[in-house]
Amino acid sequence: MGIIATSRLKSPWIMHFDNSSCNGCDIEVLACLTPLYDVERFGIVNMGNPKHADVLVVTGPVNRRTARVLKNLYEQIPGPKMVIAVGTCGTSGGVFHNCYNVLGGVDKVIPVDVYVPGCAARPEAIIDGVVLALQKLAKLQGVAL
Amino acid sequence: MNAWIIAIVTVIVAPFIGGLLAGIDRRITARLQGRFGPPILQPFYDFFKLLGKAKIASSRLQLIWIYGYLVFMVTALLFLVLKLDLLLLVFVIGFAGVSFALGGFSSKSPYSHIGANRELMQMLAYEPVLLLFALGVFAVNGSFLISEIFNNPTPLLARLWPIFIAVLLILTIKLRKSPFDLATSHHGHQELIKGIMTEYSGPYYALIQLTEWYEYVLLLGLVYIFWANPWWAGLIVAAVAYILELLIDNITARMTVGWAVKFVWSVGLVLCVLNLIYFWLLPIKGVS
Amino acid sequence: MDYNWMMAVAILLPVVAAILVYILRQYHVRGIIVVVTAIALIINSILFLLKGSQTFTPANAQLWDTVVTVLDYLILLFYIYAGISLKNWLVLIFALTQIVPLAYFEFGMGGKAALEAINPTFVVDHLAIVMTLVISIVGSLICIWAIRYMYDHEHHNHIEKSRQPRFFFWLVLFLGAMNGLVFANNLIYLYFFWEVTTLVCFQLIAHDLNKEAVNNAARALWMNSIGGTGLILAMIYLFVKVGPDSLSVAKIISGGIAPALLLLPVALLCFTGMIKAAQMPFQTWLLGAMVAPTPVSALLHSSTMVKAGVYLVVRLAPAFAGTKLGIMVALVGAFTFMAASGLAISQTTGKRVLAYSTIANLGLIIACAGINTPLSISAAILLIIFHAVSKGLMFLCAGTIEHIVWSREIEDMEGLAAKAPMTTAITTIGVLSMFLPPFGMLLAKWLALEASFTIPLAGILFVIASAATIVFWAKWLGRLMQVLPKLGSKIESLSLSYTVPLWVLVLGIFGLGLGVGPVYEGLVKNAVANVIASGQALTTSATGIVVNGVTAVSSNPSFAVGSYPVWPLFVVFAVGILIPFIFVAVKPGELRPVYLCGEQVEGADADEWYSTADAKTKVQLGGFYFKGALSEAALNPWTYTLSIALLVILFGVVFLAIGGAI
């Protein structure tokens with residue numbers, strides 16, 4: 001298992017899902033891919049498909065329509081998997097928390113491993129969130145990051 | 001007995017070379033885009049991570065075909081290293097391609113369905129060129145055997161350079177690079193998700209990656225035989241061709257599949273046919 | 001066994017059996033007669049193989065000559081009747097163009113003298129033995145399969161008064177006519193059997209008696225009547241220019257006749273063969289023939305009758321060796337191979353795809369005959385064998401599928417793998433055997449490509465056709481595979497009449513593919529020697545086949561043009577496809593719905609997603625058919641123009657050569 005456990009930490013493929021965010025956080029997520037931040041240094045690749053993803057990066061508050069989709073996507077990710085809620089809205093619902101159609105943060109629907117606050121969350125914070133998720137995974141597997 | 005050793009060594013060593021090539025690809029691509037890029041060993045990390053993921057599938061059939069893809073691709077590579085028949089090698093690659101496309105068809109996913117159809121269209125584009133490449137080799141050597149290419153002191157490139165250009169086009173398709181990155185899509189997530197590979201995940205996706213590594217070695221091997229004597233000349237040709245492919249990948253946009261077929265037929269096929277016509281105006285070696 | 005008896009079983013037993021099934025109308029009795037006849041024919045054909053090359057003239061030849069002559073006119077009079085009653089003037093015209101010259105030839109010019117002058121009447125050489133094996137084994141299996149098919153066919157269409165006795169009368173009769181055709185040495189006998197197959201073809205296409213069936217039957221009739229006319233003209237030309245004893249196939253290919261005199265009759269005979277083999281521009285009759293019940297398509301229009309056309313061309317190959325006529329024959333065949341493969345891509349009906357693929361492969365065989373080297377003739381004969389088995393199987397699969405989904409449309413076959421796993425598995429093997437290694441068809445196609453270097457243009461056409469072949473087969477197969485994420489599909493139960501022929505043909509594909517070495521050594525090599533004597537193109541070894549370069553390319557005996565490892569590729573196939581097919585398993589918990597952007601309806605096997613306002617919408621997938629670029633409407637103007645031009649050039653070079661000789 002050693003090589004697989006190590007490889008898991010070096011190759012987190014993320015899938016980005018936008019619940020009903022204002023697109024602020026989404027732009028920051030995409031900014032991570034740009035030459036300035038270049039998350040591919042850490043083996044992080046943005047996948048368009050839950051079946052290839054290891055880490056689900058969710059932005060925006062969950063509303064009544066996206067809850068179903070979020071759950072479906074989460075179930076289609078093969079384990080082991082991590083979930084990162086990005087932005088204030090993703091963590092708690094943010095300014096939308098008492099809207100008629102909003103359920104709240106991502107953790108209302110699926111288990112969340114890392115919360116990255118910020119409005120919008122900065123790319124550094126998002127990368128840090130992924131690293132935290134990896135640290136959690138490393139701890140679970142008993143491997144040093 | 002010697003052939004067995006070569007075969008076993010190839011099966012073991014080829015994935016390492018292929019994986020390194022993929023790593024170099026990602027590194028160079030990143031540099032071309034002004035990024036630092038992942039470690040060279042990144043493809044291996046990805047591979048082992050995928051092996052350790054939970055197995056999920058959307059049908060049993062798609063898993064069967066993926067083994068066919070792997071096994072026939074390895075067979076094609078063995079044909080090359082054992083210096084067997086080039087024409088048959090192309091048909092073996094054909095089986096691998098069909099098997100992969102059928103894997104894409106074997107689930108009711110719109111994305112893999114489109115990807116599989118596109119894969120077939122790409123086969124329509126590249127099969128004739130590869131077959132004509134084999135006919136061109138025959139025109140030079142009077143034999144379809146790859147061993148005869150190694151026996152011939154004059155490089156193929158000297159007399160088959162139009163076919164070489166056409167094969168470079170095919171290389172772009174087979175390496176799934178822009179502008180022909182149509183069936184599986186490295187970059188077109190919004191449009192095609194991951195094409196044929198959409199429904200493959202975890203260990204099965206790792207199998208596809210493994211097959212692609214074998215394929216990298218096979219394809220660059222096909223480029224290598226254009227200058228088989230002396231042994232290092234082919235390596236240089238293959239390396240230059242590979243860098244060229246990466247460059248093309250980064251400076252072109254993805255095009256449509258209809259365009260791909262038209263382009264390859266009107267440029268690649270015509271180059272091959274012109275090259276062959278040139279040869280048929282001259283006598284084939286040894287034929288009275 | 002006495003040779004008289006063997007010939008009688010081959011040609012007359014089917015006639016007797018045909019009359020019996022017509023009189024005894026019960027389903028089970030019919031089944032027994034057909035099965036017994038089938039077994040007798042199969043054993044008989046193997047006896048022919050054991051006996052080897054023989055010649056045969058019936059004991060009271062004059063009686064049989066009279067029978068043949070009388071039946072000739074009866075058939076032609078029937079054509080005239082059919083032309084008048086259907087008000088189809090083309091049928092009438094081409095019936096008259098046959099009967100008038102034939103009558104003039106036999107009675108006005110003393111053509112009956114040829115009947116006596118020719119000895120032997122039948123020549124059973126190795127090429128004919130190959131054909132009779134194909135006819136007797138594949139043909140008989142198709143007849144057995146037809147027993148249940150026709151029962152289901154009438155049951156499904158609610159036909160009150162069974163027309164099955166009539167159907168089986170023609171079907172079984174046909175086997176005898178085909179055996180006669182391939183054995184015949186005397187051209188007048190050949191013509192007779194040729195006309196019987198045309199008649200049977202007409203009767204069976206028209207079997208369902210709807211308007212489309214009758215129209216298409218009439219089209220098949222008049223097109224093949226043009227071929228019959230060509231045969232008669234060839235006979236008259238030979239009779240007048242060379243002499244009565246020249247109406248013999250053995251004489252024509254013996255080299256004893258001056259080549260300049262032979263060119264025109266051989267061109268006419270090849271033309272006749274091309275029409276029977278539905279080469280472009282005559283492909284429409286074969287496409288129309290697909291309205292017939294599937295056993296007819298399997299027996300007549302893929303495995304055997306159309307093979308008579310290519311058989312004639314291969315048979316005559318020595319007579320056009322080294323001439324421009326040979327090159328033109330190769331180009332007509334190669335062009336048909338390419339154009340038919342291209343047109344097959346746009347077809348939405350399973351049987352039409354099969355029809356186009358048949359036309360294409362027949363074109364390939366004719367092209368091989370035209371290339372006319374030991375290698376290409378080996379390829380042609382191997383193609384005749386492998387194509388009969390694979391395409392016979394494909395038609396039986398198409399028919400079985402038709403009786404599972406009650407449709408011939410490819411789109412209706414979506415997800416058949418879940419509904420009928422066994423049929424799908426057999427179909428998959430059938431499709432893969434058509435165009436991929438390690439199967440025999442690919443081996444023969446590979447040989448054809450390696451042989452194509454003497455006529456490079458043919459090689460280029462082959463290459464394009466091969467690419468198109470991959471597309472239309474793979475996308476059809478893809479539609480069958482499209483299943484939902486569900487486990488545990490039940491294997492369908494089918495009548496033995498369906499499954500036995502299917503499995504025997506599957507075994508045949510594997511057996512012939514694996515045993516291609518022995519098949520070549522024991523059967524094909526001798527048949528090739530009947531056509532072309534110079535040199536041996538292939539050597540077989542324990543692992544596979546090596547294409548010798550000695551004769552063609554190099555004087556070095558160890559120099560090889562190509563090599564084909566036969567059993568290693570079968571091992572690869574077993575490891576890559578069969579073993580995963582048996583051992584790959586998916587546990588229920590591992591099943592996930594397909595990715596539909598997270599909007600899929602709950603449940604792993606749902607194929608619905610939530611659309612606007614949560615409306616449940618079904619996922620609908622369809623094949624690519626390229627109706628714009630590759631449809632018949634778009635391509636046919638080109639294919640007709642080019643194929644007619646090729647035929648004109650074919651006859652043009654013949655006339656030029658004759659003019660030069662005079």
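This report walks through a predicted model, chain by chain.

**Chain B**

A good place to start is chain B, which has 12 helices and 0 strands. Read from the N terminus, its elements run α-α-α-α-α-α-α-α-α-α-α-α. The radius of gyration of chain B is 19 Å, close to the 19 Å that the globule rule gives for 288 residues, so chain B is as compact as a globular protein of that length. Along the principal axes, the C-alpha atoms of chain B fill a box of roughly 60 × 45 × 40 Å. Of its 288 residues, 63% count as buried. If you look at contacts in chain B between residues at least 6 apart in sequence, 75% of them join residues at least 24 apart.

**A strand in chain A**

Next, have a look at strand E3 of chain A, residues 55-59, which is mostly covered, with 5 of its 5 residues buried. Val55(A), Val57(A) and Thr59(A) point one way from E3(A), while Leu56(A) and Val58(A) point the other way, and all are buried. E3(A) pairs with two strands, E1(A) and E5(A), as the table shows.

| Partner of E3(A) | Residues of partner | Sense | Bridges | A bridge pair |
|---|---|---|---|---|
| E1(A) | 13-18 | parallel | 5 bridges | His16(A) and Val57(A) |
| E5(A) | 82-86 | parallel | 5 bridges | Val58(A) and Ala85(A) |

In words, His16(A) has Val57(A) as its bridge partner in E3(A), and Val58(A) stands opposite Ala85(A) in E5(A).

**Two helices in chain C**

In chain C, helix H1 (residues 3-23) packs with helix H2 (residues 27-51) at an angle of about 170 degrees, and their axes lie 10 Å apart. Angles over 145 degrees count as roughly antiparallel, and H1(C) and H2(C) are therefore roughly antiparallel to each other. On the H1(C) side, the contact is made by Met6(C), Val9(C), Ala10(C), Leu13(C), Pro14(C), Ala17(C), Leu20(C) and Val21(C). From H2(C) come Arg30(C), Ile33(C), Val34(C), Thr37(C), Ala40(C), Asn44(C), Leu47(C) and Phe48(C). Sorted by class, the residues of this contact divide into 13 nonpolar, 2 polar and 1 charged.

**Where chains A and C touch**

Finally, how many residues does each chain bring to the contact of chain A with chain C? Chain A gives 7 residues and chain C gives 5 residues. The side of chain A that touches chain C has 3 nonpolar, 3 polar and 1 charged residues.

Conventions
Residues are numbered from 1 along each chain as its sequence is written. Chains are lettered from A and ligands numbered from 1 in the order in which they are written. This is a predicted model: local features need pLDDT of at least 70, side-chain atom pairs count only at pLDDT 80 or more; totals for chains, interfaces and linings use all residues. Two residues are in contact if their C-beta atoms, placed from the backbone, lie within 7 Å. Ala, Val, Leu, Ile, Met, Phe, Trp, Tyr, Cys and Pro count as nonpolar, Asp, Glu, Lys and Arg as charged, and the others, Gly among them, as polar. Axes are lines fitted to C-alpha atoms, for helices over the stretch in contact, and angles run from 0 to 180 degrees between N-to-C directions. Helices (H or I, at least four residues) and strands (E, at least two) are DSSP runs, numbered from the N terminus. Angles under 35 degrees count as roughly parallel, over 145 as roughly antiparallel, 65 to 115 as roughly perpendicular and the rest as oblique. A residue is buried if 20 or more other C-beta atoms lie within 10 Å of its own, exposed if 12 or fewer, and partly exposed in between; C-beta atoms are placed from the backbone. Two strands pair if DSSP finds at least two bridges between them. The radius of gyration is taken over C-alpha atoms; the globule rule is 2.2 Å times the number of residues to the power 0.38.
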